[in-house]
Amino acid sequence: MIYLVILVLLTGYYYYFEVVKQERQEAQERLARRIFHFTADDVRAVTIQSRDKKTVRLAKDQIWKITEPIPCQADQAVVEGLLNTVATLALEREVTSVPGDLKSYGLSDPVLHLEIVEKDQSWQLLLGDKNPTGEGYYAKIGDRAPVFLIAEGVWGVLHKGVDELRRRELLVFEPEKTVGLEVAWQNGEPVSISRQADLTWKAEKRPDIKIKGSKVQNVLEQLRWLRAQKFVEDQVKNLATHGLDPPQVTVQLQFLDGKSSRLQLGDVDIEENVLTALSSELPAVVTIDAAMLQDLPTTVAALEDRSLMTLKAGEVSEVRWHLGDRRGRVLKTGENSWGTTAGDDAEPGTLKDSWQMSSLIYDLTQAEYLRKLDPVSAVPFEPYGGLDFYAAGEKLASLNWSRDMQPPAKSGVVWIQQGDQPAEAVEVEPELLERVQKDLVNLSEGEAK
């Protein structure tokens with residue numbers, strides 16, 4: 001016990017004097033080397049003057065805005081990153097404490113001049129030429145004498161023009177607060193849907209079509225993450241020159257608070273793979289990724305819920321299957337484990353690569369059909385392949401297909417029966433059934449051991 005007490009005391013002594021005190025000392029040394037002593041959150045204005053770029057002035061009123069040379073909203077993250085970099089600048093290497101001719105350092109006419117206003121104080125940082133070894137740039141603080149070096153990486157953060165500091169998001173909104181979406185193509189019928197009280201989506205002109213929420217969500221997410229790649233024109237005078245009068249596509253969003261936003265898409269540059277765009281939230285013609293056009297629905301049918309099966313993967317506890325002469329019965333034995341059994345009363349054995357069963361069920365619950373067949377043809381007397389899904393002994397759904405479904409068929413018929421509903425015949429892509437058949441073959445080769 002005495003030795004233990006001594007060990008604890010020695011450990012505590014070492015930790016305090018060798019770790020805690022050393023960390024405090026290093027923190028104090030870093031603070032002492034700090035060039036500026038302000039908090040980024042307290043800054044209210046910033047001016048960036050550069051030899052090769054227009055002077056940019058920013059002001060903060062809840063959010064950062066650019067006041068010159070173009071009044072617009074700033075990219076909050078970029079401005080905050082710049083301020084945090086300046087606020088934490090440390091004096092790593094002093095070149096001279098009493099500079100003679102500032103011209104020799106490029107500081108008589110600075111390459112970059114930053115002025116930062118914090119409440120009733122202002123701070124100035126001057127950056128000159130690169131030093132002969134190319135490791136950094138000469139810098140000094142306002143009228144203070146010392147000349148020091150700042151790293152080349154810091155220069156990249158501070159040397160920003162208006163296009164690098166301005167907001168690039170075309171639309172800022174929360175998808176869950178969107179209640180209306182309209183996509184109007186120049187030569188097509190507008191795709192107009194609205195969110196209902198039960199949070200489902202509905203097309204008023206096509207109430208017969210069931211809208212799939214995840215498809216709408218995908219469109220909204222693509223719109224939400226749109227970023228301007230290049231600013232083409234700020235003072236928009238002739239929209240027609242950019243293919244925006246009339247636009248190729250107009251997207252209108254309605255929000256829960258009654259507000260709305262509009263996005264217009266114009267000309268496509270095939271070589272650059274971009275197209276022109278104009279947002280009601282961003283006062284400039286910009287270019288964006290041309291792939292956005294592929295994410296927008298051209299008809300209401302493109303948003304239709306064509307789920308092959310409506311059952312949920314987690315509720316399935318038993319699967320019975322057949323493929324040609326092969327037969328199988330798989331039981332769920334745990335949250336992510338399955339077992340096979342030959343008879344109804346037999347104890348299920350361990351299924352090799354049990355994850356394949358879960359993957360198969362998930363694949364089918366996510367799959368979509370191409371179109372429904374009307375009239376519905378009869379289910380084959382002896383279908384080539386089939387799956388029956390159960391939960392607690394109750395059949396949830398059945399899926400059957402014929403041998404005609406085999407590649408190289410471009411499409412084929414699958415018969416689906418869910419619950420007490422009558423069987424439906426739908427057309428699907430052959431690749432789907434090809435994957436299912438491969439999974440069933442793998443299951444038959446991984447029988448209970």
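How many bridges join strand S1 (residues 43-50) to strand S6 (residues 112-118)? In this predicted model, the count comes to seven, and the two strands run antiparallel. One of the pairings puts Thr47 opposite Glu115, its bridge partner in S6. Both strands belong to an open sheet of nine, laid out in the order S4-S3-S2-S1-S6-S7-S8-S9-S5 with antiparallel pairing. At the edges sit strand S4 (72-73) and strand S5 (94-96), each of which pairs on one side only.

Further along the chain, Gln264 turns up in strand S15 (residues 260-269). Its relative accessible area is just 12%, under the 20% cut-off, so Gln264 counts as buried. Setting aside neighbours within four places in sequence, Gln264 is in contact with Leu244, Pro247, Val249 and Thr250, as well as with Thr276, Ala277 and Leu278.

Next comes helix H7 (residues 355-366), whose twelve residues should span 16 Å at 1.5 Å a residue; the end C-alpha atoms lie 17 Å apart, which agrees. Buried residues in H7 are Gln356, Met357, Leu360, Ile361, Asp363, Leu364 and Thr365. What do they pack against? The list takes in strands S18 (318-323), S19 (326-332), S20 (338-340), S23 (385-391) and S24 (394-401), along with helix H8 (430-445).

Strand S23 also helps to place Glu382, which is found in the loop between strand S22 (371-372) and S23. With 66% relative accessibility, over the 50% cut-off, Glu382 counts as exposed. The C-alpha atom of Glu382 is separated by 8.2 Å from that of Ser402, a residue 20 residues apart from Glu382 along the chain.

Definitions and conventions
Residues numbered from 1 in each chain as written. Predicted model: local features only at pLDDT ≥ 70, side-chain atom pairs only at ≥ 80, totals over all residues. Heavy atoms only, no water. Helix = DSSP H or I, 4+ residues; strand = E, 2+ residues; numbered from the N terminus. Expected span 1.5 Å × (residues − 1). Buried < 20%, exposed > 50% of the residue type's maximum accessible area, 1.4 Å probe, protein only. Contact = heavy atoms within 4.5 Å. Pairing = 2+ DSSP bridges.
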